[in-house]
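The exercises below ask you to read selected places in a protein structure and to check each reading step by step. Look at the sequence and the structure first, and then try each task before turning to its solution.

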Amino acid sequence: MSTTIPVIDIADLDSAATREAIHAACRDWGFFQVTHHGIDEGMIASLKRQMHAFFAQPLDVKREIVRTANNPWGFYDREQTRRTKDWKEIYDYGPPSGVIEPQWPARLPRFQPAIRAFYDACDALALRLLGAVTMNLGMPASTLHAYFRPAHTSFLRLNYYPRCPLPARPLDPGAATTGLGVNPHTDSGALTLLLQDEQPGLEVLHDGDWRLVEPRADALVVNIGDIVQVWSNDRYCAALHRGLTSADAERFSAPFFFNPAYSVEYAPLPTTIDARHPARYRPINWAEFRARRAAGDYADQGEYAQISQYHAR
């Protein structure tokens, strides 16, 4: 077993060797990094420039597009994870859906095209990776595409972690505390693609220890979320991860959360169930689960939703 997160070259994503590497990473870590992912370097550089420009604005300017309980897209600086406030600022973008519209910073004309371009590139890459994961679970690659096409609820987040005077690094896997950029959690959706900067800070819980995910300029981090854990009937487990802060350096990252349409209900795939492995989960409605999880992140409202609450009885 490797003690460092796997790095996988996906130039030939359809090859048996690449799919086997993804299978092992999902099974053993729930995390991996991908190189030769096909997203243009110039597009990534533009995204980083606009991210830095946005968070460099005065706080009152950023709050002109603050997100609300009725519109999840925009700026926010009071987010919680597991009912504990994170040390970060964020900007969230998702495509328009009825009355909900993205909010754009008026003073940054190049921000919108950079965000949209990177969002679209991540969406296409995530669908390809989902096909590889689906095949590894014994189903045709396109089996789950209908859950994400034409409608889906994926969104792009920009994270800014300012310098923190009292950075935290608790050893307890379940510890949620002030001084962490993001408190320990699993992602609620299917897949997450993450662009890191050069400042280390992402840690993954592996074999009872927190392992740092070393930033690579040529790679994106990929992790499976709760939905893939359910589809796999626990063959693949979504790993706890957290974001550290530093007293000496600020940090930026951009996760893309690949989420299905709100109408989707998910349960273990039939290829993961047999006499020795009965279904471990009852069907879960994505809209209901996402709303419960978001309530705990946006504000201290109700119990923090976890997939363990949906175990089959």
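**Exercise 1.** Decide whether asparagine 233 is buried or exposed, and then describe its phi.

*Solution.* The relative accessibility of asparagine 233 is 6%, and therefore this residue counts as buried, where buried means under 20% relative accessible area, exposed means over 50% and partly exposed lies in between, with a 1.4 Å probe and protein chains only. Before going further, note that this is a predicted model, in which local features need pLDDT of at least 70 and side-chain atom pairs count only at pLDDT 80 or more, while totals for chains, interfaces and linings use all residues. Residues are numbered from 1 along each chain as its sequence is written, and side-chain values use heavy atoms, with hydrogens and water left out.

The next step is to place the residue: asparagine 233 belongs to the loop between helix 5 (226–231) and strand 13 (241–243), where helices (H or I, at least four residues) and strands (E, at least two) are DSSP runs numbered from the N terminus. The last step concerns the backbone, for asparagine 233 has a positive phi of about 55° although it is not a glycine. As background, most residues other than glycine have a negative phi.

**Exercise 2.** Find where histidine 36 lies, and state whether it is buried or exposed.

*Solution.* Histidine 36 sits in the loop between strand 2 and helix 2 (41–55). Its relative accessible area is 55%, so histidine 36 is exposed. Its phi is near 50°, which is a positive value in a residue other than glycine.

**Exercise 3.** Work out which residues of helix 1 are buried, and explain why they lie on the same side of the helix.

*Solution.* Begin with the buried residues of helix 1, which are Thr18, Arg19, Ile22, Ala25 and Cys26. They cover an arc of only 125° around the axis, and therefore they are on the same side of helix 1; the arc is that of the directions from the helix axis to the C-beta atoms. On the face turned away from this buried side, helix 1 carries the exposed residues Ala16 and Ala17.

Next, ask what does the covering: strand 1, strand 2, helix 4 (111–136) and strand 12 are among the elements that cover the buried residues of helix 1, where contact means heavy atoms within 4.5 Å. Finally, glycine 30, just after helix 1, takes a positive phi of about 80°.

**Exercise 4.** Explain why strand 2 is described as largely enclosed, and name the strands that pair with it.

*Solution.* Five of the five residues of strand 2 (residues 31–35) are buried, so this strand is largely enclosed by the rest of the structure. Both of its faces are covered, with Phe31, Gln33 and Thr35 buried on one side and Phe32 and Val34 buried on the other.

For the pairing, two strands pair if DSSP finds at least two bridges between them. Strand 1 (residues 7–9) runs parallel to strand 2 and is joined to it by three bridges, and aspartate 9 stands opposite threonine 35. Strand 12 (residues 219–224) runs antiparallel to strand 2, with five bridges between them, and here threonine 35 stands opposite alanine 219.

**Exercise 5.** Trace the surroundings of glycine 74 and of strand 6.

*Solution.* Glycine 74, in strand 3 (residues 74–76), has a relative accessible area of 0% and is therefore buried. Leaving aside neighbours within four places in sequence, glycine 74 is in contact with Ile65, Arg67, Ile90, Tyr91, Asp92 and Gln103.

Strand 3 is joined to strand 6 by three bridges, and the two run antiparallel; tyrosine 76 has isoleucine 90 as its bridge partner in strand 6. Five of the five residues of strand 6 (residues 89–93) are buried, so strand 6 is largely enclosed by the rest of the structure. Five bridges also join strand 6 to strand 7 (residues 155–161), again in an antiparallel arrangement, and aspartate 92 stands opposite arginine 157.
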